[in-house]
Number of protein chains: 2
Amino acid sequence: MEKLAVRGRPREFDAQVALAAALRVFWTKGYEGASLTDLTEAMGITRPSLYAAFGNKEALFKQAFDLYEAEKLAYVAAALNAPTARGVAENLLYGAIDTVTGGECRGCMGVIAAVACQSAEPSLRNDIERRTESARKAMIDRMQRAIDEGDFTVPTDAEGITRYVLALLQGMSVQAGGGAKREELQQVAQAALAVWPSR
Amino acid sequence: MEKLAVRGRPREFDAQVALAAALRVFWTKGYEGASLTDLTEAMGITRPSLYAAFGNKEALFKQAFDLYEAEKLAYVAAALNAPTARGVAENLLYGAIDTVTGGECRGCMGVIAAVACQSAEPSLRNDIERRTESARKAMIDRMQRAIDEGDFTVPTDAEGITRYVLALLQGMSVQAGGGAKREELQQVAQAALAVWPSR
DNA sequence: CAGATTACATACTTATCGGTACAGAAGTTA
DNA sequence: TAACTTCTGTACCGATAAGTATGTAATCTG
């Protein structure tokens, strides 16, 4: 999977570095809010180089989103490995705080994309919806396992408790995008865990 | 405050009707996603008429947001009048479901505006933040009163429980924007009320 | 009626959008 | 070296963005 048989002039930039720069732009400004000028300036490459390396704006966005999921959402997969449903919720809520307030970009890119791409191309909207659905399915499966294992102290439905946790995570992202500080988001996590109905 | 001393040619459209049409456009497409062509077509007026009657795009948005708050967010003020904190939460959660899935527009305009206006003019962002802050402050005050009245069964902090409820409402709006059905949002409300820590 | 005032419709402005044609530069292969 | 391939930089494309100049139509005041 490495660059062998490189014919022609080699490219002068690192595609992964450029993609990471594009991710930051999309993350902060959303898909439609990020112009090609914003992107090329942040990536340090020219417009034709961008198209040659990544296809077009939509393809670039999807590749940036792949990178985001791989780097920033790794904690979700790890969080689901906690031994109890409470541990999962705890990991998800506190992990989200790090992701949405940690770096230079605020909020969850998935939430930003889902909310701000209402008038984008349908193919892009479908892609975003597919990613959201995939994450939700993983959470539902984990919650169903917790129910089967008797974690919950009250009758619980896997899809409902998942949508509940998801709403909290999404709301925290909205608040982070609005400027909420880490401590303020910790209040949300603490309130949620104070009433969490499982071991 | 009525139209007296009308000199000159009278306008041929109802400004309130046109503003309601503009609201629907902003609600579904966001501020930046709504073009003047979208707006004028929906409002049934021409571009110069729009500028004469409402100022410019940003001023039109603010007036549309005023209308939104007056019409669609009236339930918030009513919800805060419930006798107990549980009643407030119940009213807010179920009222939100009606607002975000009720009509032709999905999601909460405040959430859409806050998330999708990251690259809009600062004056607009400040306006949105001011509105969000105002709603949160009203909720904090109500929750503090509930705490003082002994509604809560566990030690509770007004700002924390407010941010928690707000996160749920915002998350429900995100899910509604992503196509969630009324029944799916009811799962969120039910899960939240099942663990709600007050009378 | 005449004049002032305001609204309407067409057509335009400048700026920016995503995307690309083209020519030259920088490598590999023979 | 020559031929080939691929990348880079400039300068451009048509479409659309927000906003407006201008002439005309409709109403009120005198």
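These notebook entries record what I looked up in a predicted model of two protein chains and two DNA strands.

**Entry 1: Chain A as a whole**

I began with the secondary structure of chain A and found ten helices and zero strands. Read along the sequence, the pattern is therefore α-α-α-α-α-α-α-α-α-α. I noted the extent of the C-alpha trace, which spans about 65 × 40 × 30 Å along its principal axes. I then looked up burial: of the 199 residues in chain A, 42% count as buried. I also examined contacts in chain A between residues at least 6 apart in sequence, and 65% of these join residues at least 24 apart.

**Entry 2: How the two chains are related**

I asked what turn lays chain B on chain A. The turn is 180°, with a shift of 0.0 Å along the axis, and the RMSD is 0.1 Å. That is the relation of a two-fold axis.

I next looked at the contact between the chains, which takes 41 residues from chain B and 39 residues from chain A. On the side of chain B that touches chain A, helix H1 (15-33), helix H7 (109-116), H8, H9 and H10 each supply at least two residues. H9(B) gives the most to this side, with 15 residues. By class, I recorded 20 nonpolar, 14 polar and seven charged residues on the side of chain B that touches chain A. I also noted that 95% of the interface residues of chain B are interface residues in chain A as well, so the copies meet through the same surface.

**Entry 3: Helix H6 of chain B**

I checked the length of helix H6 (residues 85-101) of chain B. At 1.5 Å a residue, its 17 residues should span 24 Å, and its end C-alpha atoms are 24 Å apart, which agrees.

Which residues of H6(B) are buried? I listed Ala85(B), Val88(B), Ala89(B), Leu92(B), Leu93(B), Gly95(B), Ala96(B), Ile97(B), Thr99(B), Val100(B) and Thr101(B). An α-helix has 3.6 residues a turn, so residues three or four places apart point the same way. I then looked up what covers the buried residues of H6(B), and the cover includes helix H4 (57-72), helix H5 (74-79), helix H8 (122-148), helix H9 (158-177) and helix H10 (182-194) of chain B.

**Entry 4: The largest nonpolar core**

I found 118 residues in the largest nonpolar core. Those that touch the most other members are Phe26(A), Val115(A), Leu168(A), Met172(A), Val115(B), Leu168(B) and Met172(B). I followed one of them, Met172(B). Not counting residues up to four places away in sequence, Met172(B) touches Ala167(A) in chain A, and Ala96(B), Ile97(B), Val100(B), Leu185(B) and Val188(B) in chain B. In soluble globular proteins, nonpolar side chains tend to be buried together.

**Entry 5: The DNA strands**

Around DNA strand C I noted 26 residues, of which Arg9(A), Ser35(A), Lys57(A), Gly8(B) and Arg9(B) come nearest. Helix H2 (36-43) and helix H3 (47-54) of chain A, with helix H3 (47-54) of chain B, each supply at least two residues of this surface. The largest share, four residues, comes from H3(B). By class, the surface near DNA strand C has ten nonpolar, seven polar and nine charged residues.

Around DNA strand D I noted 25 residues, and Gly8(A), Arg9(A), Ser49(A), Arg9(B) and Ser35(B) come nearest. H3 of chain A, together with helix H2 (36-43) and H3 of chain B, are the elements that give two or more residues here. For strand D the largest share, four residues, comes from H3(A). The classes near DNA strand D are nine nonpolar, seven polar and nine charged residues.

Key
Residues numbered from 1 in each chain as written. Chains lettered and ligands numbered in written order. Predicted model: local features only at pLDDT ≥ 70, side-chain atom pairs only at ≥ 80, totals over all residues. Least-squares fit on C-alpha atoms with pLDDT ≥ 70 in both. Contact = placed C-beta atoms within 7 Å. Expected span 1.5 Å × (residues − 1). Buried ≥ 20, exposed ≤ 12 C-beta atoms within 10 Å, placed from the backbone. Near = placed C-beta within 6 Å. Nonpolar A, V, L, I, M, F, W, Y, C, P; charged D, E, K, R; others polar. Core = buried A, V, L, I, M, F, W, Y, C linked by C-beta atoms within 7 Å.
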